[in-house]
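Student: I would like to work through how some elements of this model are packed and paired. Could we take it step by step?

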Amino acid sequence: MADSKDYYEILGVSKNATDEEIKKAYRSMAKKYHPDAQQGEQAKKDAEVKFKEINEAYSVLSDQNKRAQYDRFGSNFEQAGFGGNAGYGGFGGFDFSGFGNGMGVDIDLDDILGSVFGGGFGGFGQKSKKTGPTRGADLRYNMNISFEEAAFGTKREINVSKNEVCDVCHGSGAKPGSKVVTCDKCHGSGKVQTTQNTIMGTFATVKTCDKCGGEGKVITEPCEKCNKRGTVRKTKKITVNIPAGIDNGQAISIHGEGDCGKKGGPAGDLFVVVNVAPHKIFTRNGFDISETIKVPFAKLTLGGTIKVPTLEDEVEYNIPEGTQTGTKFRLKEKGIQNIHGRGRGNLEFTVVVDIPRKLNDEQRELLTKFAASFGDEVNTKKKGFFGR
Ligand SMILES: [Zn+2]
Ligand SMILES: [Zn+2]
């Protein structure tokens with residue numbers, strides 16, 4: 001600090017400037033010469049010097065005592081007994097104590113920091129985006145299958161659209177034979193550090209290199225097929241084995257058939273989610289199935305053999321005399337294969353009375369006689385019987 005500097009000139013204000021004018025000038029200068037606002041290395045370096053100067057000027061002119069001393073002695077404080085140890089320990093590492101607490105300086109710290117770090121401390125200690133191998137995304141495929149396919153299992157071929165490693169550049173994203181060079185801005189680290197001297201002191205900020213996007217390497221000629229992405233969208237035919245016993249909403253995971261990974265990372269998985277169509281007669285509950293069978297009144301009354309549809313075929317079942325409508329019967333292990341491989345569920349059927357809608361004269365007469373034998377009064381006219 002041997003040379004006298006014109007702090008007023010640095011801030012572009014007159015010697016009679018008010019505190020308010022000085023503050024205003026400082027803010028606009030600090031913004032203008034903020035190193036982060038500059039394009040190119042040299043411009044940043046130049047701005048850094050200027051930025052430091054502006055902060056130095058402001059720290060003095062914004063303090064009434066210091067400004068008075070400066071007005072009298074210039075910036076050569078040593079001569080004025082005002083040296084580096086006389087209250088504010090030298091420039092470039094300002095003592096900030098007392099700043100903004102009644103010393104004629106009223107400055108918004110957040111404002112300064114915001115201008116220095118581009119909006120608060122968000123960028124402070126920011127991690128570099130440079131990453132190693134990453135796993136590809138999992139994919140979901142919805143598949144409609146029939147009730148029987150779910151019960152017995154099936155094999156299906158599906159077309160899945162997914163990201164695969166580009167076969168031209170093998171994932172590098174660069175045109176084959178072209179150079180992938182180490183980023184000259186970050187020297188391969190993917191990070192750039194800038195040091196800024198502010199009225200708060202000296203700060204180092206580390207940011208993701210904007211030239212290489214944090215990769216540390218720069219592709220000189222992009223792959224013509226994938227344009228640097230390293231992956232291409234492809235439709236792949238995949239055979240899916242649907243195991244017997246799968247239920248609605250369940251998924252089959254196929255390892256490694258999701259999107260490909262990046263930089264040699266593993267591919268994601270493919271999840272085939274099944275939507276099982278309802279059956280026209282069976283209802284499923286876990287591995288058990290159920291159905292309802294209509295049985296004529298006489299058969300329920302006298303007992304007899306009925307045909308029971310099953311998943312595979314039909315079986316005969318003898319219902320006993322006097323079976324009431326709504327009675328449930330069970331056929332063991334005629335349900336659905338347990339997906340975990342242990343046996344099958346059961347088939348439960350419910351018998352309900354099947355009331356005839358049409359009778360011939362003979363049947364009508366027999367039924368009337370039958371009713372009479374119980375002392376029941378029934379309609380004898382046809383209209384009445386079918387009047388409902
Ligand atoms: Zn490619
Ligand atoms: Zn870089």
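Tutor: Before we begin, a crossing is called left-handed if the near helix is turned anticlockwise from the far one by less than a right angle, and right-handed if clockwise. Please also keep in mind that this is a predicted model.

Student: Is the crossing of helix 2 and helix 3 left-handed or right-handed, and are the two roughly parallel or roughly antiparallel?

Tutor: The axes of helix 2 (residues 19–32) and helix 3 (residues 41–61) come within 10 Å of each other and cross at roughly 165°. Angles over 145 degrees count as roughly antiparallel, and the two helices are therefore roughly antiparallel to each other. As for the hand, the crossing of helix 2 and helix 3 is left-handed.

Student: How do the residues of the contact of helix 2 with helix 3 divide into nonpolar, polar and charged?

Tutor: From helix 2 come I22, Y26, M29 and A30, which meet F51, I54, Y58 and L61 of helix 3. Sorted by class, the residues of this contact include no charged and no polar ones, and the nonpolar number 8.

Student: Which strands stand at the edges of the open sheet of 4 strands?

Tutor: The order of this open sheet is 10-11-15-14, with mixed pairing, and the twist from one strand to the next averages 30°. Each edge strand has a single partner strand, so one side of each is left without a neighbour in the sheet; these are strand 10 (283–285) and strand 14 (327–331).

Student: How many bridges join strand 11 to strand 15, and which residue stands opposite P296?

Tutor: Strand 11 (residues 288–296) and strand 15 (residues 347–354) run parallel, and the bridges joining them number 8. Opposite P296, in strand 15, stands D354.

Key:
Residues are numbered from 1 along each chain as its sequence is written. Chains are lettered from A and ligands numbered from 1 in the order in which they are written. This is a predicted model: local features need pLDDT of at least 70, side-chain atom pairs count only at pLDDT 80 or more; totals for chains, interfaces and linings use all residues. Axes are lines fitted to C-alpha atoms, for helices over the stretch in contact, and angles run from 0 to 180 degrees between N-to-C directions. Angles under 35 degrees count as roughly parallel, over 145 as roughly antiparallel, 65 to 115 as roughly perpendicular and the rest as oblique. Two residues are in contact if their C-beta atoms, placed from the backbone, lie within 7 Å. Ala, Val, Leu, Ile, Met, Phe, Trp, Tyr, Cys and Pro count as nonpolar, Asp, Glu, Lys and Arg as charged, and the others, Gly among them, as polar. Two strands pair if DSSP finds at least two bridges between them.
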